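Let's take a stroll through this protein together, one spot at a time. Have the sequence and the 3D view open as you read.

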Amino acid sequence: MRLKGKVAIITGAGQGIGEAIARRLAQEGAAVVIADVNLETAQIAANQITEKYRRKTLPLCVDVTNSQQVAEMVRRTMEEFGKIDILVNNAGVLIAHEITEFPEEHWRKVIDVNLTGYFLCAREVARVMRKQGSGVIIQINSKSGKKGSYKNSAYAASKFGGIGLTQSIALDLAPYGIRVNAVCPGNLLDSPLWVDSLYDQYAKKWGISKEEVRKRYEQQVPLGRGCTYQDVANVVVFLASEGSSYMTGQAVNVTGGQEMR
Ligand SMILES: NC(=O)c1ccc[n+]([C@@H]2O[C@H](COP(=O)([O-])OP(=O)(O)OC[C@H]3O[C@@H](n4cnc5c(N)ncnc54)[C@H](O)[C@@H]3O)[C@@H](O)[C@H]2O)c1
């Protein structure tokens, strides 16, 4: 119960890593706002979390690229809970193409959700946290925020940008007692992102089977396995808690040794 009595907003928490983080924060004692563009999955996740952990939840339909909806998310959270201790910017998309074939609208979509969405949520929540004189902002970044990604330029550009944003707003907000950090996971090889789309996309792109795609990615990790939700949630809880009170502006790798910078 390292986050007892805390209030956390998690974006993109209807499924995948965001949902796993919401569950874990609730398990650690926090009330959780499950914000997702898909209200149905947000409601299901919220109901399950309330039932399992007996914690307050608030499911909200929020598109992080829409500043009005983001403002409404913050307003509803304040109305319900009266404070915001933790923001986890997790909502993200991946659309991959080789550079000469990259449709402009796909580029703009990736930058819009992954980078502008992070900016809009952080800006709105920081206004509340500044008044409180406390708070923690965490971005779920990627190892693609540290090193270029083959045929995946928009995603890497959005995540590199996310680290620049993290470092810069950490400076803006440090005087107000607000810490801002990013987590850079390796490949979550069992997540819906991989299972529902990436194995397929990469298998077609490279002309190999989906099993071979998985093996290829596991072999790149010094610790020999894909990243898990638990691996990511462990670090998010640490960054959200007092244990990391002297850390801000960091982008922490959770990659099994695959990325070391
Ligand atoms: N899966 C991986 O291997 C992996 C690795 C490193 C980093 N990440 C990062 O983790 C985060 C979550 O990834 P995931 O694998 O759980 O993805 P996912 O596709 O399973 O889930 C993303 C969630 O975000 C929501 N979402 C999408 N666009 C949104 C928007 N505009 N506004 C609000 N919600 C929106 C979706 O509805 C979905 O519920 C992303 O930022 C991703 O870049 C994922």
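Which strand does T11 lie in? Before you look, keep in mind that this is a predicted model. T11 belongs to strand β1, which covers residues 7–11. Its relative accessibility is just 1%, so T11 counts as buried. The side chain of T11 also has a partner: it reaches the backbone nitrogen of A91 at 3.0 Å.

**Around the ligand**

Now for the ligand. How many residues surround the ligand? There are 26 of them, and the closest are Q15, I17, D36, N90 and Y155. If you sort that shell by character, you get 13 nonpolar residues, ten polar ones and three charged ones.

Some helices show up more than once here. The helices α1 (16–27), α5 (153–173) and α6 (192–206) each supply at least two residues of the shell. Helix α6 gives the largest share, with three residues.

Where does the ligand sit relative to the domains? Domain 1 is made of 7–186 + 228–254, while domain 2 takes in 187–226. Both domains give residues to the shell around the ligand, so the ligand lies between them.

Zoom in further and you can pick out backbone atoms that meet the ligand. Here are three such pairs:

| Residue (backbone N or O atom) | Ligand atom | Distance |
|---|---|---|
| V62 | nitrogen | 3.4 Å |
| V64 | nitrogen | 3.0 Å |
| N90 | oxygen | 2.8 Å |

How much of the ligand does the protein cover? On its own, the ligand has 840 Å² of accessible area, and the protein covers 91% of that.

**Cysteines without bonds**

Next, a look at the cysteines. How many disulfides does a search of the whole structure find? The answer is zero. Two cysteines help show why. For C121, the closest cysteine sulfur is in C61, and at 13 Å that is too far for a bond. For C184, the closest cysteine sulfur belongs to C227, 11 Å away, which is again too far for a bond. To count as a disulfide, two cysteine sulfur atoms would have to be within 2.5 Å of each other.

And are these two cysteines buried or exposed? C121 has 1% relative accessibility, so it counts as buried. C184 is buried too, with a relative accessible area of 0%.

**An aspartate with two partners**

Let's move on to D231, which has its place in helix α8 (residues 229–240). What does the side chain of D231 make a polar contact with? Its partner is the side chain of R225, at 2.8 Å. A polar atom of the D231 side chain also lies 2.8 Å from the backbone nitrogen of T228.

**Two unusual backbone angles**

Last stop: the backbone angle called phi. Most residues other than glycine have a negative phi. R54 has a positive one, near 55°, even though R54 isn't a glycine. You'll find R54 in the loop between α2 (39–53) and β3 (57–61). With 67% relative accessibility, R54 counts as exposed.

K151 also has a positive phi, near 50°, and K151 isn't a glycine either. Where is K151 found? Look in the loop between β5 (135–140) and α5. The relative accessible area of K151 is 24%, so K151 is partly exposed.

How values were computed: Residues numbered from 1 in each chain as written. Predicted model: local features only at pLDDT ≥ 70, side-chain atom pairs only at ≥ 80, totals over all residues. Heavy atoms only, no water. Near = heavy atom within 4 Å. Polar contact = N/O pair within 3.5 Å; in protein donor to acceptor, adjacent residues only side chain to side chain. Areas by Shrake-Rupley, 256 points an atom, 1.4 Å probe, with all protein chains shown as cover. Helix = DSSP H or I, 4+ residues; strand = E, 2+ residues; numbered from the N terminus. Nonpolar A, V, L, I, M, F, W, Y, C, P; charged D, E, K, R; others polar. Domains from an automatic or database assignment. Buried < 20%, exposed > 50% of the residue type's maximum accessible area, 1.4 Å probe, protein only.
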